[in-house]
Amino acid sequence: MTTDTRHLSAFTLARTYVHLSNLGGASPVDVGEHFWETLMRRDDLLEGRLLGLFNLDQDSDHCEMHPAGDEILILLSGAIDVVFHEADGDRVSQLRGFQTCIVPQGVWHRVRVQAPSELIFITPGKGTETRPPSEHAS
């Protein structure tokens with residue numbers, strides 16, 4: 001058996017995500033400029049979950065929804081509000097340094113940045129949908 005040497009080297013989670021397969025494996029994934037634009041065409045990444053880190057200094061430019069499972073958001077530093085767009089109105093979860101929230105499967109959501117932040121995400125990719133935040137009330 002040959003070991004992929006990428007598994008043995010340290011890397012920065014903001015530039016190299018980790019694909020967590022449904023079978024228990026973990027593989028580094030290089031993140032280039034067009035990564036998010038092409039993600040839904042990457043069959044190798046749609047099953048399982050993706051682990052990565054965002055450096056946030058402005059509100060997200062989209063809302064998203066994950067039909068294949070819950071998303072986990074872990075705030076390392078800063079301050080964000082996770083806005084859940086629910087049938088009976090918006091609900092806000094305020095995250096401050098080291099707090100975590102779970103975004104339920106199928107719930108539209110977005111992030112508002114209250115202070116520059118570092119956020120780890122663990123998300124199911126399959127079927128993820130995005131749309132402009134203007135389609136939801138603030």
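Two strands count as paired if DSSP finds at least two bridges between them. With that in hand, here are some exercises on this predicted model.

**Exercise 1. Find how β1 and β2 are joined, and name the residue with a positive phi in their hairpin.**

Solution. Start with the pairing: β1 and strand β2 (residues 26–30) run in the antiparallel sense, with five bridges. Next, pick a contact to anchor your view: H19 stands opposite S27 in β2. Then look at the turn: the hairpin has five residues between the strands, and there G24 takes a positive phi near 100 degrees.

**Exercise 2. Find the partner of H19 in β3, and decide how far β1 is enclosed.**

Solution. β1 also pairs with β3, in the antiparallel sense over three bridges. In β3, L50 is the bridge partner of H19. Now turn to accessibility, where buried means under 20% relative accessible area. Four of the five residues of β1 are buried, so the strand is largely enclosed by the rest of the structure.

**Exercise 3. Classify the ring pair of Y17 and F121.**

Solution. A good habit first: a pair of aromatic rings is described by the distance of the centres and the angle of the planes. Searching the whole structure gives seven aromatic pairs. For Y17 and F121, the centres are 5.2 Å apart and the planes stand at 90 degrees; because an angle over 60 counts as edge-to-face, that is the class of this pair. Locate the partners next: Y17 belongs to strand β1 (residues 16–20) and F121 to strand β8 (residues 108–124), so the pair links distant parts of the chain, 104 residues apart. Finally, check the surroundings: Y17 is buried at 2% relative accessibility, and F121 is buried at 1%.

**Exercise 4. Classify the ring pair of F54 and F121, then place it in its cluster.**

Solution. The ring centres of F54 and F121 lie 4.6 Å apart, with planes at 25 degrees, so this pair is stacked. This pair too links distant parts of the chain: F54 sits in strand β3 (residues 49–56) and F121 in β8, 67 residues apart. F54 is partly exposed, with a relative accessible area of 28%. To finish, follow the ring pairs outward: they link Y17, F35, W36, F54 and F121 into a cluster.

**Exercise 5. Which rings have the charged ends of R91 and R131 over them?**

Solution. Take R91 to begin with: its charged end sits over the ring of F84, 4.4 Å from the centre. For R131, the charged end sits over the ring of W108, 3.7 Å from the centre.

Methods. Residues are numbered from 1 along each chain as its sequence is written. This is a predicted model: local features need pLDDT of at least 70, side-chain atom pairs count only at pLDDT 80 or more; totals for chains, interfaces and linings use all residues. Side-chain values use heavy atoms; hydrogens and water are left out. Rings of Phe, Tyr and Trp (its six-membered ring) pair if their centres lie within 6.5 Å; planes under 30 degrees apart count as stacked, over 60 as edge-to-face and the rest as tilted. Helices (H or I, at least four residues) and strands (E, at least two) are DSSP runs, numbered from the N terminus. Buried means under 20% relative accessible area, exposed over 50%, partly exposed in between (1.4 Å probe, protein chains only). A charge sits over a ring if NZ of Lys or CZ of Arg is within 6 Å of the ring centre and within 35 degrees of the ring normal.
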